[in-house]
Amino acid sequence: MSGMGEFTRKLAVCCASYGCTDRARALTDAFEQTRLPVALIQVQHILELLKQCAGSDTLPEWGQLCLAAAEILTSSFLSKGKGGVVKDPNFNCEVFLGGSCNPTTWRKDVAIPTLEKACVTYYNPQRDDWSPELVAIEEKAKQSADILLFVLDNQTRAVASMIEVAYLAGIGRDVVSVILDVNNSTTIAGEKLSPREVDDLNRGRAFVKSILEVSSNSIIQSDLPTALNTIAQLRKTKESVSAYNTRLGKNKSSYRDSVTTSLANKIHIIGKACRKGTVSIEKLQDTLRQLNIDTTLLSRYLLSHEIQDRVLLWKQNGVSTDDLCSLYCELMFCSHHDNLATLAGTSGDQSLCPPPGPTMLYDVFLGGSCGHTSWRTEIATPLLGQRNMSYYNPQIPDWNLECIPVEREAKELSQVLLIVITGQTLSVASMVEASSYIGCGRKVVLCMEDIPTTGTPLVEGIQLSERAVKDYNRARTYLRAIVANAGTPLFADITEATCHACELARDHTPSSIR
């Protein structure tokens, strides 16, 4: 058991300290020592999923630990950069009451009496004496809650709440929701909403529903009493939302499902490569490409001074399963830290440079503001064409809600999601999808503008009130906070954002252009 880089060396030391009796604690400490804190309970969850995967027992103990660590590095579990959740054991809150606030009274009129009758603890963020100092307490309550209840009613725009619940579902939190569409007679703060605004708000709600409907960790109920009864039942039985959905036969794919699939696929790839005990240096490179290791990172690492002695031994004796898993884990650590620039060694064998690896169908998905915007045709697609990058453009004249699953498939087949939120559009659905994919750990490049607050804002042909502008810009502020926490690239200039998206996808062979 030995490491070959910063992370695996620390992991080896932690394993020596704890022995074989507490692998989860050893992994947790290794992440802590490399400034990537992760919750112990989530490390235990990954190890349990790994144990359940067929073939995992064929991997040596060290190989299993490295594989689990690599999976955590690609997951949403890390507390820094990927929105992981670390519960505060001193904060007694089973349910967080999220969603629409003023002027709604659903919390005090319905939710709180029902939860108190069921002896379920809760946190209510709606306060008459609310102040910015309460934000930290709200976040602690949100992280400590077992279930997040989100009510998106038809009395408020609830744009920030839409962004929030999409992100929380993305990182795998248990969510119970009630989502009501806005109707054409809706008034907010005495202001009647225009048909255009109603349409955009409902499109955003449709996107939220589409996200929650494919998550095993979410439940959508038609009304608040039903949602509260479901929560009371879950807390009484201590059943997770995922287990509840499985019991009811709801076949959903979730982030946890994708982790299990990902682990099983990696076990299969490694097991097939190592079936004879060791693999050649050429087979090593091919196996790592199958594990989606960045080809440039792999080349630079194999040529770095740090492991040249080991590479020489590999050429003579082959690569063991433990060494393959160690290298994979270390490369994932370098990729997470963006440490490519530090691997500057050039004295190694240049024949180790691998050819480009396999690609997805599209290099870049052009998400974000549509309507009458022209940023795709005037800026993005010319730049992508110049760089020979493939892309998917969802902007079509006859778009409708039936296009959502088609777009979802295109996003899954795209290496990078470029999402542009202009200041001349409401872009509710675009902000929802950005927060969701950031939560899922996808490669997202965001370019965002606020709606102008000076003069009389005219957005998509409608004149917005001061209250409306505040609501939409507050949502943008909330999305920026998510972006900052996740370390997602954020730009104010579309050209710069597009160029950065190209850079992220630069190591992938271009395919057909839509």
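Visitor: Which residues have the most contacts inside the largest nonpolar core?
Guide: Val159, Leu464 and Tyr472 do, in a core of 61 residues. A nonpolar core here is a set of buried Ala, Val, Leu, Ile, Met, Phe, Trp, Tyr and Cys residues joined through side-chain atoms within 4.5 Å. Buried means under 20% relative accessible area, exposed over 50%, and partly exposed in between, with a 1.4 Å probe and protein chains only.

Visitor: What lies apart from that core?
Guide: Another core, of 59 residues, with Ile46, Leu291, Tyr301 and Leu331 among them.

Visitor: Hang on, what kind of model is this?
Guide: A predicted one: local features need pLDDT of at least 70, side-chain atom pairs count only at pLDDT 80 or more, and totals for chains, interfaces and linings use all residues. Residues are numbered from 1 along each chain as its sequence is written, and side-chain values use heavy atoms, with hydrogens and water left out.

Visitor: OK, new topic. Where is His45?
Guide: His45 sits in helix H3, residues 40-52. Helices (H or I, at least four residues) and strands (E, at least two) are DSSP runs, numbered from the N terminus.

Visitor: Is His45 partly exposed or buried?
Guide: Partly exposed, because its relative accessible area is 26%. Its C-alpha is 9.1 Å from that of Ala24, and the two are 21 residues apart in sequence.

Visitor: And the sheet, what's the strand order?
Guide: S2-S1-S3-S4-S7, an open sheet of five strands with parallel pairing. Two strands pair if DSSP finds at least two bridges between them. The edge strands, S2 (122-123) and S7 (218-221), each pair on one side only.
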